[in-house]
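User: Could you walk me through this model before I go back to the bench? I would like to ask things as they come up.

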Amino acid sequence: MDLHILDHRLRVTSISKNGLVNFTHPLIKLIFLRNRTRCKFFSLTETPENYTVVLDEEGFKELHPSEHLKVESSIWLPLNVVSNGNSSSSSQAVGVTKIAKSVIAPLAQQHVSVFMLSTYQTDFILVREKDLSVVISTLEEEFNIYKEVGGESVPMHCQDVSNGLQKNGKEAMQPTVHPVLIPQNQFCVMSLDPDTLPSIATTLIDVLFYSNSPKEDAQSSPSQDVDCIKFFSFSLIDGYISLVMDTEAQRQFPADLLFTSSSGELWRMVRIGGQPLGFDECGIVAQISQPLADSDISAYYISTFSFDHALVSSASFFSSLQSRHKEKQV
């Protein structure tokens, strides 16, 4: 398999709910007027706590400093696995579980923190730029590694790294087993032709900036189910659009414009973290994705500024809970 280091340098940011009004204009510009911003990588995810915005340096210029804007200090690089043209059949696990054993687990063992962004088209593994040498030394035996430079793929090899653990400078730690919250709403992973984006502009703006969930302010225990959770994700990356929304939000959009897989799968969410997760903690994605991969269960994974979210196909949902329960007992 090939591993591509994409030609984007990304920032991970958070906009507070009560500060969104200060960023409505730049966000609408980034979503609908991408040719004016030169932003090639943009992702906006709403959760009950905040809006997580991941974007490249050109897009980041649009976000002015504010007390309502938090910016993670690191530069992040997106990695993408290409399976040499071999597409997965419907009977095989898709999403983050495809790369759980080959990418996620090895990086966790080397104490490399990752930030995951699954989309309709692919999975992006974000790593800190300063960890790149460790990433290459860890994965070069499994992958042909390329770095995209000016539209061309240039082979990359580990250089001047004698020991990845020493280079990373982190001691081995037992990953924390975080509590999870399991909302009742079902989600869709969908896409949209960018040319039809103006046709849903009013609806998209309403869902992103004006709709409120009655459960948004509920203070539920992270270990218990809740009726529903506010979660909506929009990504526009290299010209491809991906949307993640619950079935209630989906009904607001024209059915003939949004498309999903031929199976039309619905997904349940497992939200990881009782308290906001730290960016330096390693192994969170691995703890969730490894047992799912062992059970050949499909899943998408979306990290946000405060919490992580795994989307598991509804048909496999209870099997995934059993897998995770067994993992916790080990």
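Analyst: What follows goes from the whole chain to one helix and its partners, and then to a few single residues.

User: Fine. What sort of model is it, and how many helices and strands does the protein chain have?

Analyst: This is a predicted model, and its protein chain has ten helices and 18 strands. Of the 330 residues in the protein chain, 53% count as buried. Among contacts in the protein chain with a separation of 6 or more, 78% are between residues 24 or more positions apart.

User: Let's take H4. Is it largely enclosed or not, and why?

Analyst: Helix H4, which spans residues 100–109, is largely enclosed by the rest of the structure, because eight of its ten residues are buried. Those buried residues are Ala100, Ser102, Val103, Ile104, Ala105, Pro106, Leu107 and Ala108.

User: What covers the buried residues of H4?

Analyst: The cover includes the strands E6 (76–82), E7 (114–118) and E8 (123–128), together with the helices H5 and H9.

User: Start with H9, then. How do the axes of H4 and H9 cross?

Analyst: The axes of H4 and H9, the latter being residues 284–294, come within 10 Å and cross at roughly 150 degrees. Angles over 145 degrees count as roughly antiparallel, and H4 and H9 are therefore roughly antiparallel to each other. H4 passes H9 in a left-handed crossing.

User: And which residues make that contact?

Analyst: From H4 the contact uses Ala100, Lys101, Ile104, Ala105 and Ala108, while H9 contributes Val285, Ala286, Ser289, Gln290, Ala293 and Asp294. By residue class, this contact of H4 with H9 divides into seven nonpolar, two polar and two charged.

User: Ser289 caught my eye there. Is it buried or exposed, and what does it touch?

Analyst: Ser289, which lies in helix H9, counts as buried because its relative accessibility is 1%. Leaving aside residues up to four places away in sequence, Ser289 touches Val96, Thr97, Ala100 and Ile104.

User: Now the other helix. At what angle do H4 and H5 pack?

Analyst: H5 covers residues 132–139, and H4 packs with H5 at an angle of about 125 degrees, the two axes being 10 Å apart. H4 and H5 are therefore oblique to each other, and their crossing is right-handed.

User: Which residues meet there?

Analyst: Ser102, Val103, Pro106 and Leu107 in H4 meet Val135, Thr138 and Leu139 in H5. The residues of this contact of H4 with H5 divide into five nonpolar, two polar and no charged.

User: What follows H4 in the chain, and what is its phi?

Analyst: H4 is followed by His111, and the phi of His111 is positive, near 65 degrees.

User: Changing topic: how many disulfides are there?

Analyst: The count comes to zero disulfides, taking a pair of cysteine sulfur atoms within 2.5 Å as the rule.

User: And are Cys39 and Cys282 buried or exposed?

Analyst: Cys39 counts as buried, at 8% relative accessibility, and Cys282 is buried with a relative accessible area of 16%. The cut-off for buried is under 20% relative accessible area.

User: Last one, Ile241. Where is it found, and is it buried or exposed?

Analyst: Ile241 is found in strand E14, residues 240–246, and counts as buried at 1% relative accessibility. Not counting residues up to four places away in sequence, Ile241 touches Gln121, Met190, Ser191, Leu192, Pro194, Leu197, Phe234, Ser235 and Leu236.

User: How far apart are the C-alpha atoms of Ile241 and Ile31?

Analyst: The C-alpha atoms of Ile241 and Ile31 are separated by 10.0 Å, although these residues are 210 residues apart along the chain.

Notes
Residues numbered from 1 in each chain as written. Predicted model: local features only at pLDDT ≥ 70, side-chain atom pairs only at ≥ 80, totals over all residues. Heavy atoms only, no water. Axes fitted to C-alpha atoms, helices over the stretch in contact; angles between N-to-C directions. Helix = DSSP H or I, 4+ residues; strand = E, 2+ residues; numbered from the N terminus. Parallel < 35°, antiparallel > 145°, perpendicular 65-115°, else oblique. Left-handed = near helix turned anticlockwise from the far one by under 90°. Contact = heavy atoms within 4.5 Å. Nonpolar A, V, L, I, M, F, W, Y, C, P; charged D, E, K, R; others polar. Buried < 20%, exposed > 50% of the residue type's maximum accessible area, 1.4 Å probe, protein only.
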